[in-house]
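Reader: I'd like to go through this fold with you, from the sheet to the cores and the odd spots. Could you take my questions one at a time?

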Amino acid sequence: MNRLTPEQRFQIVQFYFENNGRDFHKRILFSDEAHFWLNGYVNKQNCCIWSEANPQVYEETPLHPEKLTVWCALWAGGIIGPYFFKNDEGHNVTVNGDRYRAMIIPELNNHDVQELWFQQDGATCHTARATIDLLKDTFGDRLISRFGPVNWPPRSCD
C-alpha cells in the first residue's frame, strides 16, 4: 500500500464535499481507543510532554502493567462514550473482535446514526470480517475503515 499524496487526499475530500454537501465533516463519527496505564506510565509515542529540562530518569516498570482501555467517538453533535473495556467481574480487559462488537452496536443504538458516517482505524478488532459486516449493516456505504466501503488510508494518522 502506498501513502496518499496531498493531491490524492484533496481529491478524496473534494469528492465527499461535492457528493455530501459542505457540512460533510459534521456528520462523521470519529472513533478510537486509548490505553491508560494504571502505574503512571505514559506512552510517549502518542503523547508529547513539553519541558525545559530533559531529566534522564530510569524507572523500572513491570513487564505487563495493568492498563485500562477506553473507547469514544466524537462528532459535531457530541460525544458517544466513553466505554471502558471490562469483563463481567469488573476487571480491565484488552479489546478483541468479540468485545468490540459487543460494545459498538449498543453504544451506537443510543444515538440517531442514520445520517452519520462512521470512521475507525485499521486495528484488527475493528477490521475483522464479522465486525465490518456488523458495521455495514448499521452504516451501509457510510463506513470509513480498512476493508470497509470507504478504505481508511494506509498509515494514516488517527
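Reader: In which sense, parallel or antiparallel, do strands β1 and β4 pair?

Author: A word on ground rules before the strands: this is a predicted model, where local features need pLDDT of at least 70 and side-chain atom pairs count only at pLDDT 80 or more, while totals for chains, interfaces and linings use all residues. Residues are numbered from 1 along each chain as its sequence is written, and side-chain values use heavy atoms, with hydrogens and water left out. Strands (E, at least two residues) and helices (H or I, at least four) are DSSP runs numbered from the N terminus, and two strands pair if DSSP finds at least two bridges between them. Strand β1 covers residues 28-37, β4 covers 117-119, and the 3 bridges between them make the sense parallel.

Reader: Which residue of β4 is the bridge partner of Leu-29?

Author: Look along the pairing of β1 with β4, which has 3 bridges. Leu-29 has its bridge partner in β4, and that partner is Phe-118.

Reader: How many bridges join β1 to β2?

Author: Strand β2 spans residues 67-75 and runs antiparallel to β1. One spot to look at is Trp-37, which stands opposite Lys-67 in β2. The count of bridges joining β1 to β2 is 8.

Reader: And β2 with β3: how many residues does the hairpin between them pass through?

Author: Strands β2 and β3 run antiparallel, joined by 5 bridges. Within that pairing, Val-70 has Phe-84 as its bridge partner in β3. The hairpin joins the strands through 2 residues.

Reader: So which strands sit at the edges of the sheet?

Author: The open sheet takes in 5 strands with mixed pairing, in the order β3-β2-β1-β4-β5. An edge strand pairs on one side only, and that applies to β3 (78-84) and β5.

Reader: What about the whole chain: in what pattern do helices and strands follow each other?

Author: There are 4 helices and 5 strands to place. Read along the sequence, they give α-β-β-β-α-β-α-α-β.

Reader: Where is confidence lowest?

Author: The pLDDT, the predictor's confidence in each residue from 0 to 100, averages 79 over the protein, and 72% of the residues score at least 70. Helix α4 (residues 129-139) has the highest confidence, at 92. The lowest, at a mean of 69, belongs to helix α1 (residues 6-20).

Reader: Which element gives the largest share of the largest nonpolar core?

Author: A nonpolar core here is a set of buried Ala, Val, Leu, Ile, Met, Phe, Trp, Tyr and Cys residues joined through side-chain atoms within 4.5 Å, where buried means under 20% relative accessible area, exposed over 50% and partly exposed in between (1.4 Å probe, protein chains only). Of the 19 residues in the largest one, Leu-29, Trp-71, Ile-104, Leu-108 and Phe-118 touch the most other members. The elements giving two or more residues are β2, α2 and α4. The largest share, 5 residues, comes from α2.

Reader: How many residues does the other core have?

Author: This one lies apart from the largest core. Its members include Phe-24, Trp-117, Val-150 and Trp-152, and the residue count is 6.

Reader: Which side chain does Arg-101 join through a polar contact of 2.6 Å?

Author: Arg-101 lies in helix α2 (residues 97-109). A polar contact is a pair of N or O atoms within 3.5 Å; within protein, one must be able to donate a hydrogen and the other to accept it, and residues adjacent in sequence count only if both atoms are side-chain atoms. At 2.6 Å, the partner of Arg-101 is Asp-98.

Reader: Is Gly-140 buried, exposed or partly exposed?

Author: Gly-140 is in the loop between α4 and β5 (143-144). Its relative accessible area is 27%, so Gly-140 is partly exposed.

Reader: Any backbone oddities? Which residues does the cis peptide bond join?

Author: Most residues other than glycine have a negative phi, and most peptide bonds are trans. Phe-147, in the segment after β5, has a positive phi of about 70° although it is not a glycine. The cis bond has an omega of about 5° and joins Gly-81 and Pro-82.
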